[in-house]
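Let's take a walk through this one, starting with charge pairs and then moving on to a covered helix, the ligand and a greasy patch.

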Amino acid sequence: MSQWVIKGLRTGIKSTRYPRTIETAPGMSPGLPVATRMSPDMAQMMVTRCPTSALEPAQAGVDVNLRRCIHCFRCARGTDSPMEWERERDFECAGVTPNSNDHDRRFGPAFSRSIHILVVDAGDCGACLNEVKQLNNPYYNMHRLGFFLTPTPRHADLLLVVGALTEHMRLPLRKAYDAMPTPKRVVAVGACALSGGIFGRSFMCAGGVGDFLPVDVEVPGNPPPPLAILHGLLVAAGRKPPALLYRRAEDSTEAPG
Amino acid sequence: MPPELLRVLEEAKARWTGKVRPSLNGGDAAACHLECETSELPAICNWLFAERECSFGGLIVEQGTPWQLRYVFYGQDSGWTHVVTYLHAGEERVPSVSRLIYAADWHEREAEDLFGLEFEGHPRLGDFVLHNDVWQEGVAPMRKGFDGSRPVTNREPDLNWKPRRIVEEAGAFGMPVGPVHSAAIAPVYFQLETVGEDVIRAQPRLFYAYRGLEKIAEGRQADDALLIAERISGTSAFAHSLGLCQGVEGLCQVEVPERASWLRVFLAEFERLRHHVAAIAGICESTGLAVSAAQAAILEEELLRISGSLTGHRYLFGMNVFGGLATDLDDAVCRRAAVQIAQVSDKLAVLQGMLSTSSSFLDRLEDVGKVSVSNARDFGLVGPIARASGLSRDLRKVAPYCGYDRVEFEVPQESEGDGYARLRLFFREAEQSARIISEIVQRIPAGRFRTPETALRPGAALGWVEAPGGAALHWIRLGEGGVVERYRIVTPSFANWHGFRLAAENFAFQDFPIILASFALSVHENDR
Amino acid sequence: MTNMDLLLVVILGLCGAGIVLPLAVEERRIPMALGSLGVLASIALLCLSGVSLFGDVSFHASLWTIPSLATLTLSLDRLSALFLFVAGLVLLPGSIFASGNLSAYLGKYSLRTFCVAYFALFATLVLIPLSADALSFLMLWELMSILIYLLVNFEHELPEHTRAGYLMLAIGEAGTILIALAFIILARGGSLEFASMKAIGNAFGEQARWAVFLLAFFGFGVKAGLIPVNFWLPQAYTSAPRPFVPVLAGATLNLGLYGIVRVNGDLLPVATVGPGLVALIIGSVTALLGILYATTQSDLKTLLAHSSIENAGIITAAFGAGFIFVASNHPAIAAIAFAAAFYHMANHSIYKTLLFCATGTVDSSVGTRSIDRLGGLIKTMPLTAGFFLVGALSIAALPPFNGFVSEWLTLQAMLQSAELASTGVKIVFAICGAILALTAGLAVTCFVKAFAMAFLGMSRSESAAQAPRARVSAAVPMAFLAVLCFLLGVAPTYVIPVLDGAIAPIAHQALAADALVPPFFSRNIHHGELPAGFVADFHKLGAQIGQSVMPGRGLVVLHRGTAANPVVFAMSTSYMAVVLLLMLLGAYVVFRLIVARDRSVERRTVWDGGIRRLLPEMTYTGTGFSNPVRVIFEAVFRPTTVEDTRETVGKHFRAAIRRTRGENHVLDRLVLDPISDAALWVANGFARMHHGFLNAYVFYGLGALLAALLVARLA
Ligand code: SF4
């Protein structure tokens with residue numbers, strides 16, 4: 001057994017320093033489309049390219065609804081792709097919903113370093129779930145920030161939902177939420193949980209969990225990288241300011257491409 | 001054209017003179033088509049499965065006038081054989097072949113559930129994909145008339161539904177596990193039948209994550225179907241999008257540039273490596289050997305980051321397009337990635353060495369969850385799970401695509417069929433994948449990374465791919481204007497979940513997570 | 001006529017009335033008559049034995065001399081008084097319970113028969129400990145066997161009951177023969193009276209002593225439930241009708257123990273270590289096997305029956321330890337062992353009666369005793385659940401209930417084996433101590449299972465969900481017994497001195513009380529035995545705390561009286577109970593006043609993982625709960641599982657996996673089967689001889705004659 005101890009020590013510390021400092025390791029996040037100023041013609045072309053209507057035409061250019069973006073890169077690749085992509089701090093993208101301002105949904109001081117999370121997969125493709133799992137790997141190690149996965153909703157403070165909410169998962173998700181003690185918050189992770197993603201609204205999928213549960217924090221991405229989920233958790237805990245999920249071209253500082 | 005394929009054709013002609021209409025199509029997608037009457041179906045399928053020792057690939061149902069049922073088989077040397085039968089509207093029943101080919105069991109149950117077809121002689125139908133406690137019998141969402149875009153409002157589910165139990169013993173009870181689990185695990189319900197301590201039988205109830213992908217793909221543009229294919233299983237996204245691409249490319253006779261093919265192999269093997277590392281991490285974690293689990297998880301994250309910086313996406317989404325890749329990869333970047341991958345592979349070898357000397361770890365894997373080779377064959381297991389039991393069928397060898405026939409590699413095989421054999425197999429396949437990557441990265445030719453224009457045309461074709469989990473089939477039928485008319489996805493997890501109960505029988509309760517982890521099954525890939 | 005004579009006459013008179021009255025009154029009034037007569041007779045019995053036990057009065061009467069054979073004598077010393085008192089404590093609630101439960105049999109079986117047999121047995125139970133000569137003892141013993149048989153086989157229409165009754169009777173007869181043989185050896189002096197047997201004790205040699213010990217030990221062991229002669233017990237207890245089981249379990253088992261102590265402790269005290277070791281080993285193994293089989297039962301009644309075997313084993317082991325200490329000249333430690341044994345015997349009678357009453361109540365309310373079909377009864381039968389819980393906590397030896405005190409004493413007494421000289425004996429003690437500790441642990445498992453599976457969780461059957469509450473006739477006796485469980489648990493310091501009187505004659509020293517319960521609470525200690533420094537130390541530790549509040553002594557201390565190492569162990573269940581109560585109260589107050597202030601309580605259903613509905617069939621069954629024990633002790637249980645899988649079509653479509661589990665009790669396997677095999681083999685041998693030729697017969701005859709001559713010649 002000692003070989004494992006030695007191996008563990010040899011490996012050293014792998015954990016990111018985020019949120020103390022920003023993480024910049026390559027390949028850790030896919031980036032996000034940036035609302036860009038551009039001509040209406042261009043804008044129209046971009047909008048038709050997007051399979052999930054994440055891009056919306058606006059006066060100044062193209063607005064981006066991050067809830068819908070499924071990271072297909074169609075607006076980023078190709079010969080004529082004026083859409084900017086944000087590649088630094090882009091993972092700090094979790095936003096909040098109006099729900100999260102309710103007084104009785106806030107976590108008191110007792111929760112500042114200990115939040116127990118129940119993960120429910122309400123029907124995703126497995127990528128989001130895999131990224132949630134990565135939060136426990138040595139690189140992200142969410143325990144150091146006081147986040148723990150819990151086996152039962154009885155001990156859970158936070159419900160982390162991934163997936164587009166299938167018909168079959170409605171009852172389990174409802175039961176899990178109801179079984180949690182208050183105060184409790186809901187973090188929806190991934191485009192599918194926010195808007196249905198590519199699955200959209202159908203006979204099986206509800207097009208996101210927002211209509212079904214009072215979601216507090218929304219983490220965009222398809223899948224959101226682990227750090228984005230971590231940011232979402234920090235936002236839910238009130239330890240990080242939220243980001244905007246709907247980004248307007250007119251707010252963009254970028255010059256037109 | 002494999003010579004064996006001709007022999008299949010000749011023999012079928014001789015045996016069922018006048019009753020089958022055999023035909024051949026050549027080219028890359030060489031296949032023998034045997035059209036027959038429904039009455040001959042079981043006999044012909046059984047002949048292929050039992051005598052010609054073909055594997056059952058899947059059942060493809062297409063509604064139309066008439067209905068078309070396509071039973072796909074593939075053999076080690078004979079390639080593809082499709083047994084096709086037609087049903088006329090109003091007589092929507094067909095003899096079940098599951099009694100002879102147990103591997104077809106779930107295919108028939110799915111078709112019964114989603115199309116409302118009747119499989120005569122199948123002993124257990126209903127409550128499969130559509131759960132009876134959510135839907136009433138009689139809902140057939142895959143039928144053409146069914147509007148898949150909006151929720152079904154009239155529901156009369158059976159609220160008294162309870163899991164089926166077959167163990168009859170004094171004091172036996174059915175322990176429920178899931179669908180919400182104690183860790184970040186995909187939604188699946190397990191009914192463990194036990195009298196305490198030892199579990200007699202564990203049966204999964206799947207399709208909690210059924211998103212109706214085959215239905216929602218219909219009516220969409222083919223390249224949107226590609227986005228759906230990537231999201232069948234996020235951890236095998238590249239393989240499935242490749243499967244669909246090959247189907248469409250075969251149908252539209254698109255020439256994929258050499259460079260694109262090589263890069264596809266590169267990325268497919270890269271994905272396989274990552275999938276297997278994740279499987280190894282899962283096995284380590286299930287045995288409670290924390291350091292090894294952490295080490296494997298580090299490797300998985302490193303691979304995710306390599307793909308992130310190589311392609312922009314950690315799960316290789318958005319890479320495949322019809323006719324090649326969506327974006328070119330810089331050769332230097334590829335080589336750098338290959339070096340990093342080789343480093344990961346070395347670390348993996350170290351990890352394997354350490355694990356193989358940790359006796360407490362091995363004790364928990366050896367003789368756990370055994371699957372015999374005959375059972376593996378009967379249940380139609382595929383991929384690493386089948387190969388760990390000594391059933392070696394790999395589509396990269398059986399029906400090479402993407403130029404795999406020009407790549408030198410070995411398909412590892414084990415014979416014990418227990419948890420340890422599966423672990424070794426994951427290690428060996430991961431090593432093979434790393435070898436392939438480092439070999440071909442030197443040989444990627446210059447040139448275009450995609451054909452400039454893909455003209456989609458109507459018709460149907462089969463695309464196939466050896467996904468990380470095993471053989472995957474993608475049957476695509478396009479209509480005018482590149483609209484998807486039918487998209488049938490047969491995934492390796494669907495086959496292997498069917499066989500999961502083989503391993504989960506008469507075991508100690510604490511071994512359950514290990515058995516589960518050693519199968520490395522994807523619920524999402526199964527549920528679609 | 002003294003008071004005692006009078007009381008005895010009253011008891012016997014009431015029993016007589018109980019035998020005669022049923023013949024006169026209407027059948028449906030019999031339960032009432034049984035209850036009231038039983039209660040009166042029990043009270044009289046308690047008075048009679050109480051006077052002797054607490055007042056140290058003995059009693060002796062010669063009844064009738066049968067010329068040239070024996071004088072029938074009755075005598076009451078404190079040993080008999082102890083057993084009678086315990087019997088009284090059982091018969092009092094037992095009679096009430098019986099009267100309440102008897103009416104269920106009205107019209108199906110004859111209540112008259114039951115009542116007659118019940119009171120006849122009552123009288124026998126009283127007279128056996130009183131009889132002071134071998135002849136009356138044996139006659140009464142025989143009578144008791146037959147009466148128990150009649151009562152066990154009360155529901156005689158069920159064949160398994162009859163079979164159980166026959167088995168019991170047959171083994172019982174064998175036991176009686178052994179006992180009779182023991183008495184024949186003891187009566188070598190010519191007199192059948194116990195007093196004269198006792199007088200000639202020194203005349204016996206080693207072999208005769210061994211013979212008497214073994215004969216009596218296994219003879220009485222049949223009734224006491226010791227291996228290897230106890231295989232009748234579980235079946236008989238299970239078959240016995242509801243109104244009778246509590247008495248059967250609480251009173252008759254003790255008589256077996258009484259016999260062992262009377263003969264081996266009193267009439268011919270064991271003088272060497274050997275017999276003690278036999279008792280210790282047999283007792284420990286009995287206890288372990290008893291609890292093992294108890295744990296795996298799913299019928300509550302059978303479970304309790306096996307647990308009776310366990311308890312008999314513990315008591316016997318403590319007796320064995322006592323015998324060993326007596327024989328190796330450690331009377332003080334012997335006294336502690338005997339105190340433990342008697343204490344445990346009394347406790348067992350009380351909690352086992354309580355548990356059988358509770359089980360009977362469940363049975364009559366739900367209609368089944370199978371744990372796998374009960375569940376959730378705490379909601380429908382809260383009172384019964386509470387009483388069962390008290391019984392279960394007691395039998396599982398958890399404070400502050402009585403089982404804890406006596407099992408703790410037993411184990412502590414065994415630890416004193418360090419004082420012994422012989423290493424071999426010490427090793428045996430160590431092993432037996434370990435076995436008993438394991439037994440105690442398993443007992444917790446066993447009764448957690450019994451209580452949790454029957455009373456907690458979800459109801460596993462319709463009738464369990466709608467079980468009616470216990471009737472008064474069941475609740476009152478259970479309450480009485482539960483209170484006793486508690487009192488015996490928190491006030492051991494008052495009980496031990498009472499036991500001391502019974503121990504004195506067999507341990508040859510009345511030391512238990514002094515050794516165990518030093519009078520720390522009196523201000524002026526005049527106790528020569530205790531070194532002053534030791535007393536002072538104890539006072540410093542707080543032995544006098546609460547002396548103005550507590551009514552008396554509260555601490556159980558075992559000390560050796562040496563200055564160097566005065567205290568071996570100390571404990572106080574009374575303090576423990578008080579502290580426990582205060583802690584509970586404190587926790588409640590803290591919760592109410594601090595934690596629960598401004599907070600609301602939310603009630604949610606059980607978390608089921610999100611499935612449609614949680615069904616009772618998804619929760620642990622009793623079998624499932626105890627299966628780990630079955631798996632760990634597979635060598636003992638040797639279960640055989642026959643699996644039979646049915647397919648509908650093809651090879652892999654399964655319709656059912658049917659598994660039948662068979663178990664052959666380890667005693668049947670190791671003792672009964674070989675004996676019956678041997679008997680069959682011999683019989684076959686004879687059968688073969690029968691088919692021989694005439695010449696062969698002549699040859700056999702000749703051979704036998706030669707052999708006889710040879711033997712005679714050599715002798
Ligand atoms: S990457 Fe996002 S925004 Fe861009 S086209 Fe795809 S879905 Fe739309």
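## Salt bridges across the chains

How many salt bridges are there over all chains? The count comes to 63 over all chains, and keep in mind that this is a predicted model. As a general point, side chains of opposite charge can pair when their charged atoms come close.

One of these bridges is formed by Lys14(A) and Glu302(B), with the closest N and O atoms 3.7 Å apart. Lys14(A) sits in the loop between α1 (2-11) and β1 (32-34) of chain A, while Glu302(B) belongs to helix α8 (residues 290-311) of chain B, so this pair joins two chains. As for cover, Lys14(A) counts as partly exposed because its relative accessibility is 26%. Glu302(B) has a relative accessible area of 14%, so it is buried.

## Charged pairs inside chain B

Chain B also has bridges of its own. Take Glu193(B) and Arg201(B): their side chains meet in a salt bridge at 2.5 Å, N to O. Buried or exposed? Both Glu193(B) and Arg201(B) are buried.

Another bridge pairs Arg396(B) with Glu269(B), where the closest N and O atoms are 3.0 Å apart. This pair ties together distant parts of the chain: Arg396(B) is in helix α13 (residues 395-398) of chain B and Glu269(B) is in helix α7 (residues 258-286) of chain B, 127 residues apart. Arg396(B) has a relative accessible area of 4%, so it is buried. Glu269(B) comes out at 0% relative accessibility, so it counts as buried too. And the pair isn't on its own: through salt bridges that share partners, Glu269(B), Arg272(B), Arg387(B), Asp394(B), Arg396(B), Glu429(B) and Glu466(B) are joined into one network.

## A covered helix in chain B

Staying in chain B, have a look at helix α5 (residues 222-230), which is mostly covered, with eight of its nine residues buried. The buried residues are Ala222(B), Asp224(B), Ala225(B), Leu226(B), Leu227(B), Ile228(B), Ala229(B) and Glu230(B).

What covers the buried residues of α5(B)? The cover includes the helices α4 (213-217) and α6 (237-252), along with the strands β12 (320-321), β15 (470-478) and β16 (484-490), all of chain B.

## Around the ligand

Which residues come nearest to the ligand? Of the 13 residues around it, those are Cys50(A), Cys69(A), Ile70(A), Cys72(A) and Cys75(A). Sorted by class, the shell around the ligand holds eleven nonpolar and two polar residues, and no charged ones.

## Chain C and its nonpolar patch

Now over to chain C, which has 27 helices and six strands. It runs to 715 residues, of which 56% are buried. Among its contacts with a separation of 6 or more, 77% are between residues 24 or more positions apart. The chain exposes about 29,200 Å², with carbon and sulfur atoms supplying 67% of that area.

On the surface of chain C there's a nonpolar patch of about 970 Å², made by Val578(C), Leu582(C), Leu585(C), Tyr588(C), Val589(C), Val590(C), Phe591(C), Leu593(C), Ile594(C) and Val595(C). Zoom in on Ile594(C), and you'll find it in helix α23 (residues 573-595) of chain C. Why does Ile594(C) count as exposed? Its relative accessibility is 58%, and the cut-off for exposed is over 50%.

Terms used. Residues numbered from 1 in each chain as written. Chains lettered and ligands numbered in written order. Predicted model: local features only at pLDDT ≥ 70, side-chain atom pairs only at ≥ 80, totals over all residues. Heavy atoms only, no water. Near = heavy atom within 4 Å. Nonpolar A, V, L, I, M, F, W, Y, C, P; charged D, E, K, R; others polar. Patch = residues over 30% accessible without salt bridge, like charges linked within 9 Å, V, L, I, M, F, W, Y side chains within 5 Å. Areas by Shrake-Rupley, 256 points an atom, 1.4 Å probe, with all protein chains shown as cover. Salt bridge = Lys/Arg side-chain N within 4 Å of Asp/Glu carboxyl O. Helix = DSSP H or I, 4+ residues; strand = E, 2+ residues; numbered from the N terminus. Buried < 20%, exposed > 50% of the residue type's maximum accessible area, 1.4 Å probe, protein only. Contact = heavy atoms within 4.5 Å.
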